[in-house]
Amino acid sequence: MEFMETMKHIPRLVVLELTRRCNLRCVHCRASADRNGLCDELDTEEWFRLLRDIASFSKPIIILSGGEPLLREDVFDIITYGKKIGLTMTLSTCGVTLTEQAVAKLKESGIGRVSVSIDGKDAVTHDFIRQQKGVYDAALGAIELLKKYGVGFQINTTVTKYNFKYLDDILKSAIDLGAVSFHPFFLVPVGRARDLKDFQLSASEYEWSLKRLYELTSGAPIHCRPICAPHYFRIYSDAEGALKDNPSGRTSLDAMTAGCLGGKSFAFVSSSGKVQICGFLEVECGDLKQDDFPKIWRDSAVFNNLRNFSKYKGKCNVCEYVGLCGGCRARAYEATGDYLEEEPECTYQPLKARC
């Protein structure tokens, strides 16, 4: 679309929450997913239309998520269609539904990568978080199937107070298993996690974990990109200076870009067609049943607020790293009711705030 050609911000990553149905009931689930899901999910043609709209002005990586996306019978058709129109299609799964037949179909459909969740160094922690015995072993079995069919995979880990001291072990497991990337997701207190105060890291534990991840992965044979952890890019930049002059980074499955990308190069679409800056911030930016995606991306007041760093509040407003980090807008919203407020779990004091 011509009106998008001169826009500074284009989507480079878009998450599609295909369903809120899931065969697990994980204690930290941001979607509070269960076996029933919601009754107003977009149908196949609506997902196709969205993919066409996205491809009309950008070629982002598409992440099919849930719930458990493999519970939708049309998931392979959606992957095939997205691939056909030039999009990089990836899928996020808990691993339990990755049968040999499913992996073979993913390969045939042209999937670019599959992420599998591993939330502990062993079955004890993982199965507790996932609230079902045997799911750790099922995830490992799924990984072996992905390797058998030559499908690249990454390990996703939700980092909490119960496992942050085992990041070394989880990273080693990811390397030993042959993962191409390790993406630790730092818990955001939404969905079921709102009731898990004892799961949440303190600000100092959060900072320690990010610094430890940098130490562990610097020079490691695997890529690591912490998610929902914008402070990491301050830490990374201070150590390497690689992002200061180009925070928009490069586009790839393992892009080291910047912190909170919501509204700037990232968007989330719920199973019912609501557009958000991410899955952890349920502030509606638009509705695909009323407007098309390019119009929402261009005109959403929320997206445009997030693109204007002068509107950020508190210490984020004066922080010299605001363009690189941005703070977690979802944590700010959960803590204050205002997504533009300062990140509540940040220990860093901006230079201007010290005066």
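**Close-up views of helix H1 and of the chain around it**

**View 1. The N-terminal end of helix H1 in the predicted model.** Aspartate 43 caps this end of H1, with one of its side-chain oxygens placed 3.2 Å from the backbone nitrogen of glutamate 45.

**View 2. The length of helix H1.** Helix H1 covers residues 44–55, and because each of its 12 residues should add 1.5 Å, a span of 16 Å is expected, with which the 17 Å between its end C-alpha atoms agrees.

**View 3. The buried residues of helix H1 and their partners.** Trp47, Phe48, Leu50, Leu51, Ile54 and Ala55 are the residues of H1 that are buried. Viewed down the helix axis, the buried residues of H1 fall within an arc of 160 degrees, and therefore they line one face of the helix. An α-helix has 3.6 residues a turn, so residues three or four places apart point the same way. The elements against which the buried residues of H1 pack include strands E1 (13–17), E2 (61–65), E3 (88–93) and E8 (266–269), and also helices H2 (75–84) and H9 (293–299).

**View 4. The whole chain and its low-confidence stretches.** The chain contains 12 helices and 10 strands, and 58% of its 355 residues are buried. Its average pLDDT is 88, and 88% of the residues score at least 70. Residues 1–6, however, have a pLDDT below 50, and this stretch makes nine contacts in the model beyond near neighbours in sequence. Over residues 243–251 the pLDDT likewise stays under 50, and the model gives this stretch 19 contacts beyond four places in sequence. Where pLDDT is low, the predicted coordinates should not be read in detail.

Conventions: Residues numbered from 1 in each chain as written. Predicted model: local features only at pLDDT ≥ 70, side-chain atom pairs only at ≥ 80, totals over all residues. Heavy atoms only, no water. Helix = DSSP H or I, 4+ residues; strand = E, 2+ residues; numbered from the N terminus. Buried < 20%, exposed > 50% of the residue type's maximum accessible area, 1.4 Å probe, protein only. pLDDT = per-residue confidence, 0-100. Contact = heavy atoms within 4.5 Å. Expected span 1.5 Å × (residues − 1). Arc of directions from axis to C-beta. Polar contact = N/O pair within 3.5 Å; in protein donor to acceptor, adjacent residues only side chain to side chain.
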